[in-house]
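Here is a small set of exercises to work through with the model open beside you. Try each task on your own before reading its solution.

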Amino acid sequence: MFDLQFIGTKIVDELKKLIEQEVVVIDHNGFIIASTDISRINQFHEGSILAMKNKQVMHMTKELAETLKGVREGLVMPLIIEDTPIGVIGVTGKPSEIEKYGKLVQRITELFVEDFLTRQEKERDARMFEFFLVDLLSGRIEKEILAQRVELMGIETEIYNRVIIVKVDRRFEYNEINFLNSIQTIHPKLRITQWSFDKLIMLVPNISREQLQTGLSTLRRKIEKRFKSQVCIGVGNCEDFYSLSESYNKANIALTIAIADETEIVFEEDLTIDLLLSEIEEYKIQNFLDRTIKPIISDEELLLNLEKWLNSNTSLQEIANELHIHKNTLKYRLKKIEKLLDLDLNHSKIKLDLNLAIYLYRKYYQKA
């Protein structure tokens, strides 16, 4: 049985804007749950029981008002959904004078209820889809079981092949999710779902990368403008529908990189060294830095000179010019680095280690 309690006050508030008469909303048990006269709330209305029983509008005459409990002169109109009375809307006044409002009041109230029921159904479907995604993306549920639920929900498995995670720093209500689905231009059948407090999941149909990139950029700008929330997006790789847990895991890696690098959109398929580093624990990175560049890590001048030298294929003179120092100054600093680090800079493996160490330091520690 539908409970009018959820929207009774909203119905009264809207009707107050249209008519001056007193309005009451009565539940299926005959109790007033909302009224322009708050003193009547929770009172039993005997006339409403008759209206629901007869499934018709009833005139509460002055005589009836004197004999029926909780009744005032006016009209009581049953609210009928799928041939079942769910409550009553009442308007106080002389029945002959307010009858002209009857149909309007009744219809507006029924539209409120129908809209509420439609939204409830959509929210129920959205929750079912959320629960399904949790099982699908966990990768722990057998395909046969998932397939049964897919058939029940009517999901077109043949069109979806990618997962995207969007970090938005806020939770979206169901109506806001519907809004996002309505404004996105990526694909008509794209599914957006709330995932955690600050994340959304997108289930993406098979489209070109160019179309996806353009659509995501547009949607990101719209979200940031409307909801004043910074957006980072991690895009997973393409997979078969029942293997989308892999795409989800890759999207998580891409999102982690996007957040760390303060990048708007990161495709997992573009990751190279970041993909490797994403699986390395922080303490191992710290140990690597301690074994490579720790003696010069606090000297930005030496660190920058070494970085320029490692990443340049030009002459010492050209590097010195770029750094706005004398060539001999650069030579001196490189020798000083060799002494502090106790190594030979011309050794190819050492160059690789130092280059990686500086990259890691810049990426994970200098920003902090």
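The exercises below look at a predicted model, moving from its sheets to a helix, a core and a single residue.

**Exercise 1. Work out the strand order of the open sheet that contains β7, and find its edge strands.**

Solution. Begin with the order: the five strands of this open sheet run β7-β8-β6-β9-β10, and their pairing is mixed. Next, look for strands that pair on one side only; these are β7 and β10 (265-267), the edge strands. Finally, consider the twist. On average, neighbouring strands in this sheet are turned by 20° against each other, direction ignored.

**Exercise 2. Describe how β8 is held between β7 and β6 in terms of bridges, and decide whether β8 is enclosed or not.**

Solution. Take the β7 side to start with. β7 and β8 run antiparallel and are joined by five bridges. Two pairs help you find the register: Ile 192 has Met 202 of β8 as its bridge partner, and Gln 194 stands opposite Leu 200 in β8. The connection is a hairpin, with two residues between β7 and β8.

Now turn to the β6 side. Here seven bridges join β6 to β8, again in an antiparallel arrangement. One pair to look for is Lys 167 with its bridge partner Lys 199 in β8.

The last step is burial. Of the seven residues of β8, six are buried, so β8 is largely enclosed by the rest of the structure.

**Exercise 3. Find which side of helix α6 (residues 174-183) is buried, and what covers that side.**

Solution. First list the buried residues of α6: Glu 176, Ile 177, Leu 180 and Ile 183. These residues cover an arc of only 130° around the axis, which means that they sit on the same side of α6. Then check the face turned away from the buried side: it carries the exposed residues Asn 175 and Ser 182. Lastly, ask what lies over the buried residues. The cover includes β7 (191-196), β8 and α7 (209-227).

**Exercise 4. Give the strand order of the antiparallel open sheet that contains β1, and name helices that pack on this sheet.**

Solution. The order of the five strands is β2-β1-β5-β4-β3, with antiparallel pairing. The edges are β2 (32-35) and β3 (58-60), each pairing on one side only. Neighbouring strands here are turned by 25° against each other on average, direction ignored.

For a closer look, take β1 (residues 23-27) and β5 (residues 84-92), which pair over five bridges in the antiparallel sense. Within this pair, Val 24 stands opposite Gly 90 in β5.

Now add the helices. Helix α2 (residues 46-54) lies across β1, β3, β4 (74-81) and β5, and runs at about 135° to β5. Helix α4 also packs on the sheet, touching β3, β4 and β5, and its direction makes about 25° with that of β4.

**Exercise 5. Identify the residues that touch the most other members of the largest nonpolar core, and the element that gives the most to this core.**

Solution. A general point is a good place to start: in soluble globular proteins, nonpolar side chains tend to be buried together. In this model, the largest nonpolar core has 26 residues, and those touching the most other members are Leu 136, Leu 137, Leu 203 and Phe 241. At least two core residues come from each of α4 (95-138), α5 (143-153), β6, β8 (199-205) and α8 (244-261). The greatest contribution is that of α8, with eight residues.

To see one member up close, select Leu 137. Beyond residues up to four places away in sequence, Leu 137 touches Val 163, Trp 195, Ile 201, Leu 244, Ser 245 and Tyr 248.

**Exercise 6. Is Asn 161 buried or exposed, and which side chain does its own side chain make a polar contact with?**

Solution. Locate the residue first: Asn 161 lies in strand β6 (residues 160-167). Its relative accessible area is 12%. Buried means under 20%, so Asn 161 counts as buried. Next, check for a polar partner: the side chain of Asn 161 makes a polar contact with that of Asn 206, at 3.4 Å. Then widen the view. Leaving aside neighbours within four places in sequence, Asn 161 is in contact with residues including Val 204, Pro 205, Asn 206 and Leu 244.

Key. Residues numbered from 1 in each chain as written. Predicted model: local features only at pLDDT ≥ 70, side-chain atom pairs only at ≥ 80, totals over all residues. Heavy atoms only, no water. Helix = DSSP H or I, 4+ residues; strand = E, 2+ residues; numbered from the N terminus. Buried < 20%, exposed > 50% of the residue type's maximum accessible area, 1.4 Å probe, protein only. Polar contact = N/O pair within 3.5 Å; in protein donor to acceptor, adjacent residues only side chain to side chain. Contact = heavy atoms within 4.5 Å. Core = buried A, V, L, I, M, F, W, Y, C linked by side-chain atoms within 4.5 Å. Arc of directions from axis to C-beta. Pairing = 2+ DSSP bridges. Axes fitted to C-alpha atoms, helices over the stretch in contact; angles between N-to-C directions.
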